[in-house]
Amino acid sequence: SIPLPQRETWQKYSAQAFSSKEEFEFQKETVRHVETSLARSLYNCDELAAYAGASLAIRDRLVISWNKTQQHQTFVDQKRLYYLSLEFLMGRTLDNAMLNTGVKSIAKDGLGELGFRIEDVLEQEHDAALGNGGLGRLAACFLDSLATLNYPAWGYGLRYRYGIFKQEIVDGYQVEVPDYWLSFNPWEFPRFDITVDIMFYGNGKQCTSWEGGEIVQAVAYDVPIPGFGTSVTNNLRLWSSKAASGEFDFQKFNSGDYESAVADEQRAETISAVLYPNDNLDRGKELRLKQQYFWVAASLHDIVRRFKKSRRPWKEFSEQVAIQLNDTHPALAIVELQRLLIDTEGLEWDEGWDIVTQTFGYTNHTVLPEALEKWSVPLFQNLLPRHLQIIYDINLFFLQSVEKRFPKAISIIEESTPKSIRMAFLAIIGSHKVNGVAELHSDLIQTTIFKDFVKIFGPDKFTNVTNGITPRRWLHQANPRLSELIASKVGGLGFLKDLTLLSELENYVDDKDFKREWMEIKYANKVRLAKHIKSANGVTVNPSALFDIQVKRMHEYKRQQLNIFGVIHRYLTIKAMTPEERKKVVPRVSIFGGKAAPGYWMAKTIIHLINCVGNIVNKDKDIGDLLKVIFLEDYNVSKAEIICPASDISEHISTAGTEASGTSNMKFVLNGGLIIGTCDGANEVEDLRHKHFYGKHELDPDLRRVFDEIEKGAFGPPEGFSALINSVTVHGDYYLVSDDFRSYIQTHALVDEAYKDQDEWAAKTIMSVARMGFFSSDRCIQDYAESIWNIEPSTFEA
Ligand code: HBZ
């Protein structure tokens, strides 16, 4: 740092923290950036340039708080949390940054006077789509809450060059297009001086005489994470891979072998090139393991380096550092920390292992067997030989400690051919706490997949932390009018930091004016979505119709097929009605959205069926506005911000016991929508499946009628859908679509009836919002902080 005598000069010029809005000359800063950072002028400043200029202006302010926060946190040297997640589904940043720092209205007016509509400027930003679905978005909500609650915390992830693919619908089929999101990204700061060399393959002696391997360099890119209404701005560090310095082979290059010289570089860059687009499916690919180790090793190196600067003894490590594993994707961190402690730092095994187990917490997000990560031992041994030795030792000591009470079933090593490593077991054994993400889910993991570990470690090691969402993005940003209306009744915007204040709304369920405004806002949000549908799909939908929405990753367990079968049933029912009967029908728009993993053929078939049904129904003049079926292309975070405020009902209809928590359910309810969900009944599921195989399985006649219609070709060539129908009729109906079809249809009839009484409907939705307090990610983060991480908030003078 700068020597004492010169500091005064520094301090004289050092930028002031961003405390009051008045001092922020937004227009001046924006124009300056357009002219000097972008080398544009008023003659060629388009919306993209305005976005860039405004972002850089806001960013300048953010950076000051960010630097101060990091300085402060280093100075006070408290315990920090490190959240390791292979996915951070951040969406757009500018709007959120303006709202969190309290300058949105200044920016809106400022841009207006400069000749731009803020909505158009915000539309220029590309989503940061570094995640698949709920798991990645949860990590993003957590970062928002951690900063808002002033917790010293960093996120660590991978800086994918390509995020989740962009989905296009061509002739009703999903087509994947690469998402190159980095062409202009003002929100990241490359730290070319912060690099870590990561070693793969070789002879297994990484730290002593490691030979014959591959070295790849990790470069840090930092992203500021502003809290809402606080100066605290935390850091998200994403690692990018490049060839280690000196790797570029000038010998080859000079001798004309350009291709092979460049090939080494490309191989290194491949590690952080793409996000794997599977959700809830484990594929066991070597490159994925390379990504995991690359990211975990770089992050731990960074964390350990920071700890060592404080010159504390090792036994204080877990008093200074908490590391949370977002699913098993970072479970290698357990092995890597043990390796650093015993191989590099020279600690005894037991000393190291105590530190390791006191440091880590593991969050499970799924019970689906096909999603539980396993690595083939030969593949693992080849890539990470020393880590395999350590895993064998961890396993040996663990099995010895439980003696002969629990044989093979609990071994980290599965005796398959080839043998494989069960990452969830490693994560449990190497952590001090294991949590599920909803009450039901946490009970389920303790009584099924992890039950032996509950017996061994006792129930205290296992806990529940119910998921939550950030009300800043999912209410205040996505639905500003509703946020204002609520604020006017619950004593201002304080509810955005204490969501339990929503309970105050219970006093307004009978307030006529309030209800009218409430429903007007819902209508306006439906109009906004209807406009989007018109421009994206070319279909006109009536905003007064009941909007029924299911948006989430396409997966058989989430049962979009049940929904579309229900829609077909509705269509057939209306078609068979007399004009008199039709007058009583509640008009409905069924809206779907979500990506299928590129290799998930059945999920793609469901997308195709939805589009084919829409194609017939939407053109059917006889049906008119009574039913429309929409598939929204390329569902992502920024689209969710338009979609969630516009639902009357949304669908959360997974097979009982399969969806760990769900979080879009919370977004829809918080925005005044009702939800349809599956009843608990995970225990009955196995019995039902057994019956499908061994008993007689009568298909519901209404579902039969739906299948007949598809098979007759009513929605296009039926061959394309036969696998989907056969999965129910021939292959045992694993997801229990036929078992739930009847009650699903009946529930929708109840929804229609309820919707006819708009006054009562308004009361129901107000009551639901009033009871959403619990589902804030702030409450969730506070739970983690107190019961797992043992960290304290810390703030400073701005
Ligand atoms: O995590 C989801 C759960 O399905 C959902 O119920 C829960 O609310 C949410 C947050 O806890 N899980 C995922 O989104 N999982 C993935 O996206 C995933 C990605 C890569 C994998 C496995 C799962 O290898």
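**The ligand and its surroundings**

In this predicted model, a backbone N or O atom of Leu135 is placed 2.9 Å from an oxygen atom of the ligand. Two further backbone approaches to ligand oxygen can be listed beside it: a backbone N or O atom of Gly134 lies 3.3 Å from an oxygen atom of the ligand, and for a backbone N or O atom of Ala660 the distance to an oxygen atom of the ligand is 3.3 Å. Taken on its own, the ligand has 530 Å² of accessible area, and the protein covers 96% of it. The space that the ligand takes up is the largest cavity.

The shell that surrounds the ligand numbers 20 residues, of which Leu135, His365, Asn467, Glu659 and Gly662 come nearest. Sorted by class, this shell consists of ten polar, six nonpolar and four charged residues. Among the contributors to the shell, helix H7, which spans residues 134-148, supplies the largest share, with three residues.

The wider layout of the chain puts this site in context. The domain assignment divides the chain into domain 1 (26-76 + 93-126), domain 2 (77-92 + 127-466 + 783-789) and domain 3 (474-771). Because domain 2 and domain 3 both give residues to the shell around the ligand, the ligand lies between these two domains. As for domain 1, its centre and that of domain 3, when taken over C-alpha atoms, are separated by 37 Å.

Key
Residues numbered from 1 in each chain as written. Predicted model: local features only at pLDDT ≥ 70, side-chain atom pairs only at ≥ 80, totals over all residues. Heavy atoms only, no water. Near = heavy atom within 4 Å. Polar contact = N/O pair within 3.5 Å; in protein donor to acceptor, adjacent residues only side chain to side chain. Areas by Shrake-Rupley, 256 points an atom, 1.4 Å probe, with all protein chains shown as cover. 1 Å grid on protein atoms, 1.4 Å probe; cavity = no way out; pocket = protein on both sides within 12 Å on 5 of 7 lines; lining within 4 Å. Sits in = over half its atoms within 2 Å of the grid points. Helix = DSSP H or I, 4+ residues; strand = E, 2+ residues; numbered from the N terminus. Nonpolar A, V, L, I, M, F, W, Y, C, P; charged D, E, K, R; others polar. Domains from an automatic or database assignment.
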